[in-house]
Amino acid sequence: MKKLSLRTRVVTGAVAVAALGAGTFGAVSANAAPAESVAAAPAAAAAASNTTQSTHLTIDAATKAAQAALDAAEKENQRVTVAVVDRNGNTIVTLRGDGAGPQSYESAEKKAYTAVSWNAPTSELAKRLEQAPNLKDIPGTLFLGGGAPVTAKNAPIAGIGVAGAPSGDLDEKFAQAGVAALGR
């Protein structure tokens, strides 16, 4: 075996000590992580008090409701479009029935948005225009019969809008069929 110089032995020893120290530091750091997460727990609890949870329809539930509304319209030979929006007015699903007019797509979405925004059927909201005619000027709304809110624990979570039948009463009847389908 070849004899190592003093300089080589010192450098080799220093590298060994550094490696041992790094390994020890890594082990201590790995064990320190739970303590950090325990310290972070109060921050998480404080953040939780500043947040809220909400309920949303699944895509399957929204599709089921839209299809039920469309089926109800088709049974009465009505050509409609059905839109389901979430609590924020974002469209979850839209079904345009065969032969539905081109205006029905946008109208259905606006009726759904209006219903969820005020947590009321749009036929009732249309009556409010007599006392507050400026309501109709709110962007994205449509105060015609055909929109119905979907609620959970009395809070609005979605809206179903139907457009294309000859009257808002029929549109709303079909929207209510969509709401009813969610209860089954």
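Buried, as used here, means a relative accessible area under 20%. By that cut-off D171 is buried, because its relative accessible area is just 3%. Welcome to a quick tour of this predicted model, in which D171 will turn up again as one half of a salt bridge. The chain has 184 residues, and 33% of them count as buried.

**Overall layout**

- The chain holds 5 helices and 4 strands.
- Reading from the N terminus, the order of elements is α-α-β-β-α-α-β-β-α.
- Looking at contacts between residues at least 6 apart in sequence, 63% join residues at least 24 apart.

**The sheet**

- The 4 strands make an open sheet, ordered β2-β1-β4-β3, with antiparallel pairing.
- The edges are taken by β2 (91-96) and β3, each of which has a single partner strand, so one side of each lacks a neighbour in the sheet.
- On average, neighbouring strands here are turned by 15° against each other, ignoring direction.
- Between β3 and β4, which run antiparallel, there are 6 bridges.
- One residue to look up is P149, whose bridge partner in β4 is G159.
- Helix α2 (residues 59-75) packs on this sheet, where it touches β1, β2 and β4, and its direction makes about 30° with that of β2.
- Helix α3 lies across β1, β2, β3 and β4, and runs at about 155° to β4.

**Helix α3**

- From first C-alpha to last, the 15 residues of α3 reach 21 Å, close to the 21 Å expected at 1.5 Å a residue.
- The buried residues of this helix are S104, S107, A108, K111, A112, T114, A115 and V116.
- Their cover includes the strands β1 (81-86), β3 (147-152) and β4 (155-163), along with the helices α4 (122-128) and α5.
- Just past the end of α3, N119 adopts a positive phi of about 50°.

**Helix α5**

- The 15 residues of α5 should span 21 Å at 1.5 Å a residue, and the 22 Å between its end C-alpha atoms agrees with that.
- Buried positions in α5 are D171, E172, F174, A175, G178 and A181.
- These buried residues pack against α2, α3, α4, β3 and β4.

**Salt bridges**

- Side chains of opposite charge can pair when their charged atoms come close.
- The structure contains 4 salt bridges, and three of them are worth a visit below.
- K111 and D171 meet through their side chains in a salt bridge, at 2.9 Å from N to O.
- This pair links distant parts of the chain, with K111 in helix α3, D171 in helix α5 (residues 168-182), and their positions 60 residues apart.
- Are the two partners buried or exposed? K111 counts as buried because its relative accessibility is 4%, and D171 is buried at 3%.
- K110 forms a salt bridge with E106, where the closest N and O atoms are 3.1 Å apart.
- Both K110 and E106 belong to helix α3 (residues 104-118), at positions 4 residues apart, or about one turn of the helix.
- K110 is partly exposed, with a relative accessible area of 27%, and E106 is partly exposed as well, at 47%.
- D137 and K136 also join their side chains in a salt bridge, at 3.8 Å from N to O.
- With a relative accessibility of 51%, D137 counts as exposed.

**A closer look at T91**

- T91 sits in strand β2 and counts as partly exposed, at 37% relative accessibility.
- Which residues does T91 touch, leaving aside its neighbours within four places in sequence? Its contacts are V84, V85 and E109.
- With E109, the side chain of T91 makes a side-chain polar contact of 3.0 Å.
- T91 and Y113 are 22 residues apart along the chain, and their C-alpha atoms are separated by 8.7 Å.

Notes: Residues numbered from 1 in each chain as written. Predicted model: local features only at pLDDT ≥ 70, side-chain atom pairs only at ≥ 80, totals over all residues. Heavy atoms only, no water. Helix = DSSP H or I, 4+ residues; strand = E, 2+ residues; numbered from the N terminus. Buried < 20%, exposed > 50% of the residue type's maximum accessible area, 1.4 Å probe, protein only. Expected span 1.5 Å × (residues − 1). Contact = heavy atoms within 4.5 Å. Pairing = 2+ DSSP bridges. Axes fitted to C-alpha atoms, helices over the stretch in contact; angles between N-to-C directions. Polar contact = N/O pair within 3.5 Å; in protein donor to acceptor, adjacent residues only side chain to side chain.
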